[in-house]
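Biologist: Please take a close look at a single part of this model, and then set that part in its wider context. I would like one connected account, with the cut-offs behind each term.

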Number of protein chains: 2
Amino acid sequence: MTLDKFFNANSIAIIGVSRDPNKVGHVIFRNFIDGGYSGRLFVINPNIESILNYHSYPSVLDIEESIELAIVAVPAELVPRVLEECGRKKIHNIIIVSAGFKEVGNMRLQRKLEAVIKKHKLSVIGPNALGVFDAYSKIDSLFLPRYRMTRPKEGVISFVCQSGAVGSSIVDLATSEGHGFAKFISYGNDIDVDESDLIEYLGNDEKTKIICLYIEAVKNGRKFLEACRKVSRKKPIIAIKGGVTEAGAKAALSHTGSLAGSADVYFGAFKQAGVIRAETLEDMFDYAKMLEKCIKPKGGRLQVITNGGGYGILAVDEAAKDGVEMAQLGRETVKGLRKQLSPIINVGNPLDLAGDATSGMYKTCIDAFMKDKNVDVLLVIVLVQTPLIATDIIDVLVEANDLKKKPLVVVSAGGEFTEVMRKNLEANGIPTYTFPEDAVKAVKHLVEYYNTL
Amino acid sequence: MTLDKFFNANSIAIIGVSRDPNKVGHVIFRNFIDGGYSGRLFVINPNIESILNYHSYPSVLDIEESIELAIVAVPAELVPRVLEECGRKKIHNIIIVSAGFKEVGNMRLQRKLEAVIKKHKLSVIGPNALGVFDAYSKIDSLFLPRYRMTRPKEGVISFVCQSGAVGSSIVDLATSEGHGFAKFISYGNDIDVDESDLIEYLGNDEKTKIICLYIEAVKNGRKFLEACRKVSRKKPIIAIKGGVTEAGAKAALSHTGSLAGSADVYFGAFKQAGVIRAETLEDMFDYAKMLEKCIKPKGGRLQVITNGGGYGILAVDEAAKDGVEMAQLGRETVKGLRKQLSPIINVGNPLDLAGDATSGMYKTCIDAFMKDKNVDVLLVIVLVQTPLIATDIIDVLVEANDLKKKPLVVVSAGGEFTEVMRKNLEANGIPTYTFPEDAVKAVKHLVEYYNTL
C-alpha cells in the first residue's frame with residue numbers, strides 16, 4: 001500500500017466543486033488556491049463550465065493528463081459511481097470527505113463502496129473524514145475555511161485523528177499557540193486506510209518526528225500493535241483513546257460506527273507497543289511539545305529551580321505523585337553554590353531563589369546544574385512579575401539550552417509580560433508551561449520514552 | 001480582631017519609600033499613585049525630604065493626622081522598631097512586606113516582632129508577604145510593578161495565598177484571561193493574621209462570592225476547620241494544598257518555615273468543612289469560574305450536546321470517571337427532537353449534531369433541554385471551525401443562559417476565531433472551557449457544592 005500520493009501528489013482532481021462558498025467542495029478548492037499548492041489542480045462538476053478561471057470537467061474521465069490524487073466531495077449516493085470512474089482513470093489514491101455511510105447506519109452504501117475499492121484496488125482515506133493536511137506540500141482537503149481554522153506552519157508533529165472535529169480544533173488551538181505540524185490526517189470511517197497504515201507511513205516520513213493519535217477504536221488490533229511497536233522505536237507515539245468508559249464507548253459506537261472495546265485492553269496494548277498514553281487532549285500536546293523540543297536525557301533525575309517557593313513545592317509534589325526522581329546535587333555543586341549565593345538560600349531541590357532572584361543568580365545555578373552529573377533534567381520556574389528579573393533571563397535560558405547538554409524546561413505563569421517571554425523561549429526551542437504540574441507530567445514521559453527505548 | 005482597615009483604610013502610611021524605582025517601598029508607593037487610591041497617603045523615609053510632591057516624614061510619630069493602616073517595607077532588622085512607633089501612633093493594622101524572619105531561620109528577630117505585636121495589640125499581615133490588593137478600594141501593597149503584573153478589574157473572587165509568587169502570577173494570568181477579583185491577600189509568615197482570620201473576614205465580605213485558597217500549612221487546625229465550616233455554607237471555598245507529598249512537605253518547611261502536615265489530614269478536614277479541593281492551580285480557576293458564573297442546579301444530571309463526536313465521547317468518559325450522572329432525556333423531548341432534527345441524528349446523550357450543525361439546530365435542542373425536567377446542567381460543545389456555525393451561536397447561547405433556568409457551560413477549542421467567541425460568552429456570564437474534561441470536572445464540583453449545602 002503506497003500512501004505517499006496522499007501527501008505528495010503532483011496532480012489532484014477535486015470532485016464536487018460547487019460555486020457556493022459554504023459548500024464543502026468549494027472550501028477544499030479554495031484551500032489549494034489560497035494555500036499555495038504548486039501541483040496541477042483539476043475541478044470536476046458536470047453542472048458548471050468553470051470556476052475562478054479553472055475549467056470544470058464533467059468527470060475525471062474527461063481529463064487527459066494523469067491524476068495522482070482525487071478528493072471526493074459529492075453526495076454519498078454518488079460516491080460509488082465517482083469511485084468507479086476514478087478506478088477507470090487509474091487514480092489510485094482517493095480521499096472521500098462525503099458522509100452518509102456506516103456512521104449513519106447506511107451499510108448498503110458502505111458495502112457498495114467497499115466493492116468498488118476492491119475491484120480497482122484503490123487506496124482510500126475516509127469516507128466521513130476531513131482527510132489530509134500537509135504543511136509542506138499544501139495538500140489540504142480540510143473543508144474548514146482558513147479564517148475559521150488557521151493552517152499550521154511547517155513543523156515536526158503529525159496528528160492522526162479518527163474524529164475530524166477533535167483534530168481540527170486541536171490543530172487550530174495548537175497553531176494559535178505557535179506549534180508547527182508536518183501532517184494532519186482525519187481518517188473517518190477507515191473503509192480502507194486505517195490508523196495502523198498511517199502510523200507505519202509516518203514512521204518512515206522524514207518530516208515527522210512525533211506522532212499524535214486520537215482513536216476511538218482500532219480496526220485490527222494485531223496490526224495496530226505491530227505498527228506501533230515498530231514505529232515507537234524510531235519516534236514517540238502519543239495516543240489518547242476516546243470511549244474509555246462504558247458510557248463513552250457507547251457514544252463512540254454511534255459516532256464512527258465502531259466498537260470501542262475495553263479500555264484496559266487498549267492501555268495494555270499501548271504499553272506493550274511503547275505508545276505514550278495521554279489522559280486528556282491537553283496532556284497530549286504538553287507531552288508532544290516536550291518530546292519535540294527536548295534532547296534525550298541521560299537519566300531521569302530532575303532538578304527544580306524557582307523564584308516562587310509555592311511553585312517549587314507544587315513541582316516536587318507532582319514529581320512524587322508521578323514517580324519522577326528528584327536530583328540530589330553533588331557535594332561540589334552545593335559547596336560552589338553556597339559560596340556564590342546568599343547564605344539564606346537553601347541549596348537543595350527545589351532550589352528556591354525567592355522573590356529577589358536575579359537573572360544572574362539563575363545563570364549561576366543553571367551553569368552548576370549543567371555541570372553536575374547528578375542532574376539529568378532541569379525544570380526552571382521563573383516568575384517575571386518581580387522587577388528584579390530583567391528580560392536578560394531569556395538570554396540566560398536560551399544560552400544554557402543551546403549547549404544541548406541537558407533537557408531544559410521552563411514554567412512561567414502570568415499575563416502579557418509572561419506570554420512575550422514564553423513565546424520567545426518557545427521560538428528558541430525551549431518548551432514552556434504555565435503550571436508546574438503539567439511540566440513535571442511531561443518530564444515523566446520524556447524520561448520514560450527514552451528509558452524504554 | 002478587625003481586619004476591615006486592611007482593605008478599606010482611609011489613611012495609609014508607607015514606611016520605607018525609596019527613590020529607587022526598583023525598590024519594594026517605591027513600587028508600593030507607585031501602586032497607590034497609579035492605581036487611583038482615593039484616601040490620604042503618607043510617605044515615611046528619614047533620608048529624603050520628599051518624593052513625587054509627597055512630603056517624606058522621618059517617622060509615623062511625626063504625622064499629625066491619624067493613620068488607619070501602615071505598610072512596612074524596611075530592612076528586617078528595623079521592623080521591630082518601626083512597629084514600636086506604629087504602636088505608639090495607635091496604628092492598629094499593619095502589613096509587613098519585609099522578609100528575613102522565621103523563613104530564613106532568624107527566630108530571634110521573629111520573636112522580637114511577636115513581642116511588639118503583643119505589647120501594642122497590633123493586627124499584622126506578614127512578614128515575608130506581598131500583602132493586600134483590593135480591586136475596589138485600590139489598596140495595593142503588592143511590590144510588583146503594574147507592567148509586570150496587571151491588576152485585575154473588580155470582581156467576585158477573593159484569593160488568599162500563603163505563597164506570594166503563586167498568588168501574584170495566578171492573579172496576573174487570570175486577569176489576562178478576563179477574570180475579575182475582589183481581594184487578593186498574600187499573608188506570608190502569618191505572625192498574627194492567619195488564613196482562618198482571612199477566611200472568616202471574607203465570609204462576611206459583600207464583595208466576595210468565591211474564596212480561593214493556596215495553603216502550605218495552617219497554623220491552627222481547629223480554628224481553620226471552624227472558619228471554613230461556617231463560611232462554606234455561605235459561599236464556596238476552593239483550596240489547593242501545597243506540600244501534599246513528603247518531598248513537597250519538606251520543601252514547604254524551608255519555604256514558609258511551617259510544617260505542612262499530613263496530606264490526608266488536610267483532605268479530610270477539607271471534606272468535613274465543605275471545602276472544595278483542587279488538585280492543581282488550573283483546576284482551582286476552572287472551578288472558581290464555574291461557581292462564579294453558574295446558577296444553582298436543581299440536580300446533577302448532565303446533558304451534553306456537540307458538533308464534534310469525539311468531544312462528546314471525551315465528555316462522557318470524564319463524567320463516568322468523575323461520577324457525574326448523565327441525563328436521560330424525557331420521552332417527550334426525544335419525540336419532539338426526532339421530529340425537528342435530521343433522522344440520522346441519534347437523539348441521546350451526548351447528542352451529536354455532527355459537522356453540519358447550525359446555530360438553529362443548537363437552539364432547537366437547547367430549548368428542549370431547558371424544558372426537560374430530566375436535565376439539570378447543560379454542557380454545550382461548539383466547535384466553530386466549520387463554516388455552518390455562524391456568529392449567531394453566541395446569541396443562541398446567551399439568550400438561553402439569560403433565562404436563568406439551568407446552568408449552561410460551553411466548551412470550544414481553537415484559535416483566534418474561537419477565542420473571540422469565548423471572550424464574548426464569558427463577558428455574558430457563561431463559563432467556557434477549552435477541553436471537555438476540564439468542563440466536566442468543574443461541573444462535578446458545581447453540583448457537589450450545592451448538593452452538600
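**A close look at one strand**

Modeller: In strand β16 of chain B, L379(B) is the residue that stands opposite V304(B). This is a predicted model, in which local features need pLDDT of at least 70 and side-chain atom pairs count only at pLDDT 80 or more, whereas totals for chains, interfaces and linings use all residues. Residues are numbered from 1 along each chain as its sequence is written, and chains are lettered from A and ligands numbered from 1 in the order in which they are written.

V304(B) belongs to strand β14 (residues 302-306) of chain B, where strands are DSSP runs of E with at least two residues, helices are runs of H or I with at least four, and both are numbered from the N terminus. On one side, β14(B) runs parallel to β16(B) (residues 377-381), with five bridges between them; two strands are said to pair if DSSP finds at least two bridges between them. β14(B) also pairs in the parallel sense with β15(B) (residues 351-352), over two bridges, and there D352(B) is the bridge partner of T306(B).

The surroundings of the strand can be described by burial, for which a residue is buried if 20 or more other C-beta atoms, placed from the backbone, lie within 10 Å of its own, exposed if 12 or fewer do, and partly exposed in between. Five of the five residues of β14(B) are buried, so the strand is largely enclosed by the rest of the structure. Both of its faces are covered, with L302(B), V304(B) and T306(B) buried on one side and Q303(B) and I305(B) buried on the other.

Turning from the strand to the two copies, chain B can be laid on chain A with an RMSD of 0.1 Å by a turn of 180° and a shift of 0.0 Å along the axis, the superposition being by least squares on the C-alpha atoms of residues with pLDDT of at least 70 in both. The two copies are thus related as by a two-fold rotation axis, and the C-alpha of chain B nearest that axis belongs to E282(B), at 5.9 Å. The same surface serves both copies, since 100% of the contact residues of chain B recur in chain A.

The contact itself takes 69 residues from chain B and 71 residues from chain A, two residues being in contact if their C-beta atoms, placed from the backbone, lie within 7 Å. On the chain B side, the elements giving two or more residues are α5 (164-176), α8 (246-256), α10 (281-293), α11 (309-322) and α15 (416-427). By class, that side has 31 nonpolar, 28 polar and ten charged residues, with Ala, Val, Leu, Ile, Met, Phe, Trp, Tyr, Cys and Pro counted as nonpolar, Asp, Glu, Lys and Arg as charged, and the others, Gly among them, as polar.

For the partner, chain A, there are 16 helices and 18 strands, and 57% of its 453 residues count as buried. As for confidence, chain A averages a pLDDT of 93, with 98% of the residues scoring at least 70, where pLDDT is the predictor's confidence in each residue, from 0 to 100. The model scores ipTM 0.88 and pTM 0.90.
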